[in-house]
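This report covers a buried side chain, a pocket, the cysteines and one helix, in that order. The structure is shown first.

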Amino acid sequence: MNFFYKYVFLLALVFMFLLSCKKESSNTIKIGVLEGPSAISFIQMIDKAPIIDGKQVEFIVKSDPQQIQALMMRRELDFAVLPTVMAANLYNKGVDYTLLACPVWGTLYLVTSRPDNLYFEDLKGQSISVFGQGATSDILLQKKLADLNLKEVHIDYSYTGNSDISEALLHKKITNAIISEPMVSILLAKDTNLHIITKLTCEVFDGQSEKDVFAQTAFVVRSGFIEDYNQSVNMISTAYSESCQFVNEHPEEAAKLLIKHGYMHNRVVARNCMVLCNISYKSAFTIEHELMQYLRIFSEFNPQTIGGKLPNRDFIYQPQL
């Protein structure tokens, strides 16, 4: 009999522990954010983390998209920001997240140390260093070179990260490179001999003109969270949209917050980088056509980057009226 009561008592403890874990989880909304432009776009919310429907918003900031991906696969995030290409890939592999919005529209720039390099065409016979073979920067660079018929340009994959390639450019080990913000602004402040040739874009022909559809970054939500807390999804979306607007309309104040939270160390650089980050919150359902045009570029160059196919319409969140 003693054994029976001990067994019941242990079961009760386990049950209470599970309930307490569930309660703790339900009282927190976890958002995975990448350092750089994504953290910049969230800075107003990061400074004063809101309470949404009685739940405290918690930010988990990582330096590498793979870290965000791992947390998503373990269902440890309610919301996340990551490259749109990676978000499509995860969706096609069955990771249960839905695309809410695209907040960042192109942060990749072709930077050079040669004063006579003013246009893409000036790079004939030269090399361009790019980080991540098969990644967003590589495929968009390949597309640009193909569009301009620049077969004489060599793509160098010797460097594997934005920091490594930036250091190589700063120390004259390479001449031309694709660099992502905010490192571009940091480099330009350190060496006035460096300059931007152009922003890396991905134009598609749309009607009578070409249109840049560089929906680089995705803001996604766990599908189960939508089912349980639909109103919270709308409130988080509104708060994030307002944070993006704050960055654009109050760059001086946003720069101070970036320094306060340790994301940047120079106020002038922090303020200048906001323009190059191209932050603009756009709900996914309003730009569905542009999104599919963007993902189609990767589907044509390397389908495996987006999981082998274009995602279906369920990938895009449709607000409930």
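## Arg222

Arg222 is buried, its relative accessible area being 13%. The model is a predicted one, and the accessibility is computed from it. Buried here stands for a relative accessible area under 20%, so Arg222 falls in that class with its 13%.

Arg222 belongs to strand β13, which covers residues 217-222. The side chain of Arg222 makes a polar contact of 2.7 Å with the side chain of Asp78.

## The largest pocket

The largest pocket holds about 1,300 Å³ of space. Several elements each give two or more residues to its lining: the helices α2 (37-41), α4 (65-73), α5 (84-92), α6 (136-147), α7 (162-170) and α8 (183-190), together with strand β4 (79-83).

The lining comprises 42 residues. Leu34, Ser63, Pro65, Phe131 and Asn162 are the ones that lie nearest the centre of the pocket. By class, the lining residues are 22 polar, 17 nonpolar and 3 charged.

## Cysteines

How many disulfides does the structure hold? The count is 0. Cys102 is in no disulfide, and the nearest cysteine sulfur to its own is that of Cys244, 11 Å away. A disulfide requires two cysteine sulfur atoms within 2.5 Å, a cut-off that the 11 Å between Cys102 and Cys244 does not meet. Cys102 is also buried, with a relative accessible area of 0%.

For Cys244, the closest cysteine sulfur is in Cys277, at 11 Å, which is too far for a bond. Cys244 counts as buried as well, at 2% relative accessibility.

## Helix α12

Cys277 also appears among the buried residues of helix α12, which spans residues 267-277. The buried residues of this helix are Val269, Ala270, Cys273, Met274, Leu276 and Cys277. Viewed down the axis of α12, these residues fall within an arc of 165°, and therefore they line one face of the helix.

What caps the N-terminal end of α12? The cap is Asn266, with a side-chain oxygen 2.9 Å from the backbone nitrogen of Val268. After the helix comes Asn278, whose phi is positive, near 50°. An asparagine thus precedes the helix as its N-terminal cap, Asn266, and another, Asn278, follows the helix.

How values were computed: Residues numbered from 1 in each chain as written. Predicted model: local features only at pLDDT ≥ 70, side-chain atom pairs only at ≥ 80, totals over all residues. Heavy atoms only, no water. Buried < 20%, exposed > 50% of the residue type's maximum accessible area, 1.4 Å probe, protein only. Helix = DSSP H or I, 4+ residues; strand = E, 2+ residues; numbered from the N terminus. Arc of directions from axis to C-beta. Polar contact = N/O pair within 3.5 Å; in protein donor to acceptor, adjacent residues only side chain to side chain. 1 Å grid on protein atoms, 1.4 Å probe; cavity = no way out; pocket = protein on both sides within 12 Å on 5 of 7 lines; lining within 4 Å. Points joined across faces, edges and corners; volume = space filled by probe spheres on them. Nonpolar A, V, L, I, M, F, W, Y, C, P; charged D, E, K, R; others polar.
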